[in-house]
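Work through these exercises with the structure open beside you. Try each task before you read its solution.

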Amino acid sequence: MTPLMPAPPLEVSEWLNSQHGISLSALQGRAVMICAFQMLCPACVELGLPQAKRVRALFAEQDLVVLGLHTLFEHHSAVTKATLEAFLYENRIRFPVGLDRPGENSPIPKTMQTYNLQGTPTTILISKQGLITRQHLGHIPDLQLGSEIMALVAEE
């Protein structure tokens, strides 16, 4: 498990599938799941994003906010906003997806640096109080993830 620590702000240049900007501070009082991914990452396409879609379908939006974070740290020239928008549409990803701000003098994007992400897919769970309760690189079995989310949703 991840030691409890306040979730830093997401450094996002733009949100797709959302009419407005999203901030973690504005979401306090609701549990949050972030799926950090790259559209050209096989494990993200096969495991991470389908799991995030299942979570979005299972939990009420007032209880759990599901966000995607497209954090592009490789294949920069192959991915554009238009290709990502088409990818989200074709894969029926309807939850908001933030575009991680490019790093300064680094191929590693800003939120990826801030959260010390080691790669994708990474699942981040944030409590109603804005604390990171889990940050996991790779796949978390559905039952385990569901149990952890249920505990976050049940918090007072």
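Two strands count as paired if DSSP finds at least two bridges between them. Keep in mind that this is a predicted model.

**Exercise 1. The sheet**

Task: Find the order of the strands in the sheet, and name the edge strands.

Solution:
- Start with the order. Seven strands form an open sheet, and they run 1-7-6-3-4-5-2.
- Look at the sense of the pairing. It is mixed.
- Now find the edges. Strand 1 (5–6) and strand 2 (12–16) each pair on one side only.
- Recall the background. Strands of a sheet pair through backbone hydrogen bonds, either parallel or antiparallel.

**Exercise 2. Strand 5 and its partners**

Task: Work out how strand 5 pairs with strand 4 and with strand 2.

Solution:
- Take strand 4 (residues 64–70). Three bridges join it to strand 5 (residues 97–100), and the two run parallel.
- Pick out residues on this side. Leu69 has Gly98 as its bridge partner, and Gly68 has Val97.
- Turn to strand 2. Strand 2 and strand 5 pair in the antiparallel sense, over four bridges.
- Find a residue here too. Trp15 stands opposite Gly98.
- Check both faces of strand 5. Val97 and Leu99 lie on one side, Gly98 and Asp100 on the other, and all are buried.

**Exercise 3. Strand 3**

Task: Decide how many residues of strand 3 are buried, and sort them by direction.

Solution:
- Count first. Seven of the seven residues in strand 3 are buried.
- Recall a rule. In a regular strand the side chains alternate between the two faces of the sheet.
- Sort the residues. Ala31, Met33, Cys35 and Phe37 point one way, while Val32, Ile34 and Ala36 point the other way.
- Add the neighbour. Seven bridges join strand 3 to strand 4, and these strands run parallel. In strand 4, Leu67 is the bridge partner of Ile34.

**Exercise 4. Two helices across the sheet**

Task: State which strands helix 2 and helix 4 lie across, then examine the faces of helix 2.

Solution:
- Helix 2 (residues 81–90) lies across strand 2, strand 3 (31–37), strand 4 and strand 5. The helix runs at about 35° to strand 2.
- Helix 4 (residues 142–154) lies across strand 3, strand 4, strand 6 (122–126) and strand 7 (131–137). Its angle to strand 6 is about 20°.
- List the buried residues of helix 2. They are Leu84, Phe87 and Leu88.
- Look down the axis of helix 2. These buried residues fall within an arc of 95°, so they line one face.
- See what they pack against. The partners are strand 2, strand 3, helix 1, strand 4 and strand 5.
- Look at the face turned away. It carries the exposed residues Ala82, Tyr89 and Glu90.

**Exercise 5. The nonpolar cores**

Task: Name the residues that touch the most other members of the largest nonpolar core.

Solution:
- Recall a tendency. In soluble globular proteins, nonpolar side chains tend to be buried together.
- Go to the largest core. It has 29 residues, and Phe37, Leu64 and Ile149 touch the most other members.
- See who contributes. Strand 3, helix 1 (42–58), strand 4, helix 2, strand 5 and helix 4 each supply at least two residues.
- Note a separate core. This second one has 19 residues, including Ile22, Leu69, Ile124 and Ile126.
- Zoom in on Ile149. Leaving out residues up to four places away in sequence, Ile149 touches Met33, Val55, Phe59, Leu64 and Leu125.

**Exercise 6. Cysteines**

Task: Why is there no disulfide between Cys35 and Cys44?

Solution:
- Set the cut-off. A disulfide needs two cysteine sulfur atoms within 2.5 Å.
- Compare. The sulfur of Cys35 is 6.5 Å from the closest cysteine sulfur, in Cys44, so the pair is too far apart for a bond.
- Widen the search. The whole structure holds zero disulfides.
- Check the surroundings. Cys35 is buried at 2% relative accessibility, and Cys44 is buried at 0%.

**Exercise 7. Backbone exceptions**

Task: Find where Arg92, Asn105 and Pro121 lie, and describe the backbone there.

Solution:
- Recall what is usual. Most residues other than glycine have a negative phi, and most peptide bonds are trans.
- Arg92 lies in the loop between helix 2 and strand 5. Its phi is positive, near 55°. Arg92 is exposed, at 56%.
- Asn105 lies in the loop between strand 5 and helix 3. Its phi is also a positive value near 55°. Asn105 is exposed, at 87%.
- Pro121 lies in the loop between helix 3 and strand 6. A cis peptide bond joins Thr120 and Pro121, with omega about -5°.

Conventions. Residues numbered from 1 in each chain as written. Predicted model: local features only at pLDDT ≥ 70, side-chain atom pairs only at ≥ 80, totals over all residues. Heavy atoms only, no water. Buried < 20%, exposed > 50% of the residue type's maximum accessible area, 1.4 Å probe, protein only. Contact = heavy atoms within 4.5 Å. Axes fitted to C-alpha atoms, helices over the stretch in contact; angles between N-to-C directions. Core = buried A, V, L, I, M, F, W, Y, C linked by side-chain atoms within 4.5 Å. Arc of directions from axis to C-beta.
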